[in-house]
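Below is a short report on a ligand site and on charge pairing. Look at the ligand and its surroundings first.

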Amino acid sequence: MKTLVLFYSMTGKTGKIANEIAVKLNSDIEEIFDKKNRNGIFGHLAAGKDAVLKKFTEIEEVKKDLSQYDLVIIGTPVWAHGMTPAIRTYLSKNKFNKLAFFCTQGHTGEKRTFREMEEMTKQPVAVLSLMKKEIKNNQYQEKVREFCDKLKQQE
Ligand SMILES: Cc1cc2nc3c(=O)[nH]c(=O)nc-3n(C[C@H](O)[C@H](O)[C@H](O)COP(=O)(O)O)c2cc1C
């Protein structure tokens, strides 16, 4: 089964997990970049506002061709209890075969995030959510392994 990990990450945590999943599944990986500058306090405030308002954004072109993949794994940080504008934009523009989702978050919001992502696409075959403190303390490997094992069973 050909698998692609696609993710957006502003401060690196979602990216770290995306890379680990890609290594475990021996899959391709690509980062989605938001063209809007979200640096600094004003960038963060605008990010929160855009997420609350469920705004779309401009993203850089994704190079990978989705039609080449049986399974696409989408990763996003949780912003304002939902997905990021970059992921919302990407999901709105594409059709998928099998999907799985993962998110990283401060403490809460994964349920609504996954529900919104599913509403825009289709039911995922697996989901994974991690708290940023689990990532910081290196306490996420077991959950990542379970998630990847579930995805391997899709083959
Ligand atoms: C604008 C903004 C909004 C956020 N909203 C939430 C939230 O609603 N719930 C939560 O648990 N964490 C929230 N967070 C924390 C991030 O989800 C968390 O730090 C995540 O791991 C960051 O991922 P990244 O390093 O890949 O960017 C928010 C962070 C930002 C910058």
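## Polar contacts to the ligand

An oxygen atom of the ligand lies 2.6 Å from a polar backbone atom of Val78. The model is predicted. Gly12 also offers a polar backbone atom, at 3.1 Å from an oxygen atom of the ligand. Thr108 contacts a nitrogen atom of the ligand instead: a backbone N or O atom of Thr108 is 2.7 Å away from that nitrogen. On its own, the ligand has 640 Å² of accessible area, and the protein covers 86% of this.

## Pocket and shell

The ligand occupies the largest pocket. Around the ligand are 20 residues. Ser9, Thr11, Thr14, Val78 and Thr104 are the closest.

Which elements each supply at least two residues of the shell? They are helix H1 (13-25), helix H2 (40-52) and strand S4 (98-105). H2 gives the largest share, three residues. By residue class, the shell holds 12 polar, six nonpolar and two charged residues.

## Salt bridges

Side chains of opposite charge can pair when their charged atoms come close. With a cut-off of 4 Å between a side-chain nitrogen of Lys or Arg and a carboxyl oxygen of Asp or Glu, the count is 10 salt bridges.

One salt bridge joins Asp50 and Arg38. Their closest N and O atoms are 3.1 Å apart. The pair links distant parts of the chain, with the two positions 12 residues apart in numbering. Asp50 belongs to helix H2. Arg38 lies in the loop between strand S2 (28-31) and H2. H2 thus appears twice: it holds Asp50 of this pair, and it supplies three residues to the shell around the ligand.

Note on methods
Residues numbered from 1 in each chain as written. Predicted model: local features only at pLDDT ≥ 70, side-chain atom pairs only at ≥ 80, totals over all residues. Heavy atoms only, no water. Near = heavy atom within 4 Å. Polar contact = N/O pair within 3.5 Å; in protein donor to acceptor, adjacent residues only side chain to side chain. Areas by Shrake-Rupley, 256 points an atom, 1.4 Å probe, with all protein chains shown as cover. 1 Å grid on protein atoms, 1.4 Å probe; cavity = no way out; pocket = protein on both sides within 12 Å on 5 of 7 lines; lining within 4 Å. Sits in = over half its atoms within 2 Å of the grid points. Helix = DSSP H or I, 4+ residues; strand = E, 2+ residues; numbered from the N terminus. Nonpolar A, V, L, I, M, F, W, Y, C, P; charged D, E, K, R; others polar.
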